[in-house]
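User: I would like to go through this model with you and ask, term by term, on what grounds each label is given.
Analyst: Gladly; let us set each value against its definition.

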Amino acid sequence: MDDLMQRALEGMKKNGFEVVQVATAQEAKTYLLSAISAEASVGTGGSMTVLETGVLDALVERGNTLYSHWKAAPEDKPQTLRNARNADVYLTSANAVTKDGRLVLVDGTGNRVGAVCDGPQQVYFVISHKKLVDGGINTAVARIKKQACPPNASRLGLDTPCARTGICGADCPDSMCRLTLAVDRTPRGRHFTVVWVEEPLGY
């Protein structure tokens with residue numbers, strides 16, 4: 001393990017995150033299915049990283065109640081987002097991790113950052129090693145704008161400079177980058193677990 005990775009892991013633990021290290025998406029899924037009760041309701045934000053583990057379908061097959069706006073009809077989406085924030089457990093990712101172990105998220109609707117700030121007691125962040133940056137908040141945001149937003153905006157069919165050219169544009173009326181959250185430490189009275197995955201996942 002290189003020095004940057006070791007520093008980030010130590011930083012996350014010092015900042016109050018439980019850290020579970022796994023090698024693959026399959027191992028992440030296995031861990032989450034063992035950690036989340038079969039009776040728990042589970043909310044999730046729009047995360048390709050979480051989706052790629054296969055855990056969402058596995059939770060539904062097992063009988064958990066899953067609140068995912070990706071699976072909701074348009075008229076049901078607002079209530080689904082509220083239900084996700086009030087679930088027993090929340091599943092999401094972060095868009096970047098700083099070298100001192102802070103999690104950085106950029107959101108368009110606010111459902112993810114809202115649930116992380118003031119949502120379920122237990123939050124699981126499934127984060128690929130590739131999201132680690134050698135720097136602080138500014139470096140993390142730069143990584144998100146350069147590497148995560150262009151493919152995500154394209155996937156969502158947004159008419160943004162990053163979707164059209166792959167490069168973030170300063171004047172962006174249809175911007176998906178509307179809220180930025182840095183999680184410096186686990187909030188008081190809640191439990192945040194980072195499932196740290198060696199396999200490249202997400203954007």
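User: Why does Asp107 count as buried?
Analyst: This is a predicted model, in which local features need pLDDT of at least 70 and side-chain atom pairs count only at pLDDT 80 or more, while totals for chains, interfaces and linings use all residues. Residues are numbered from 1 along each chain as its sequence is written, and side-chain values use heavy atoms, with hydrogens and water left out. Buried means under 20% relative accessible area, exposed over 50%, and partly exposed in between, for a 1.4 Å probe and protein chains only. Asp107 has 7% relative accessibility, and therefore counts as buried.

User: What makes Arg112 and Asp107 a salt bridge?
Analyst: The term requires a side-chain nitrogen of Lys or Arg within 4 Å of a carboxyl oxygen of Asp or Glu. The N to O distance between the side chains of Arg112 and Asp107 is 4.0 Å, so the pair meets that definition. Arg112 is buried as well, with a relative accessible area of 6%.

User: How do you know that Arg102 and Asp184 form a salt bridge, and where in the chain do the two residues lie?
Analyst: Their closest N and O atoms are 3.5 Å apart, so the salt-bridge definition is met. The pair links distant parts of the chain, 82 residues apart, with Arg102 in the loop between strand S5 (96–97) and strand S6 (103–107), and Asp184 in the loop between strand S8 (179–183) and strand S9 (191–197). Strands here are DSSP runs of type E with at least two residues, helices are runs of H or I with at least four, and both are numbered from the N terminus.

User: Why are Arg102 and Asp184 called partly exposed?
Analyst: Arg102 has 21% relative accessibility and Asp184 has 39%, so both values fall between the buried and exposed limits.

User: What makes S5, S6 and S8 an open sheet, and in which order do they run?
Analyst: Two strands pair if DSSP finds at least two bridges between them. The three strands form an open sheet in the order S5-S6-S8, with antiparallel pairing, and S5 and S8 are the edge strands because each pairs on one side only. Five bridges join S6 to S8, so this pair satisfies the definition; Val104, for example, has Ala182 in S8 as its bridge partner.
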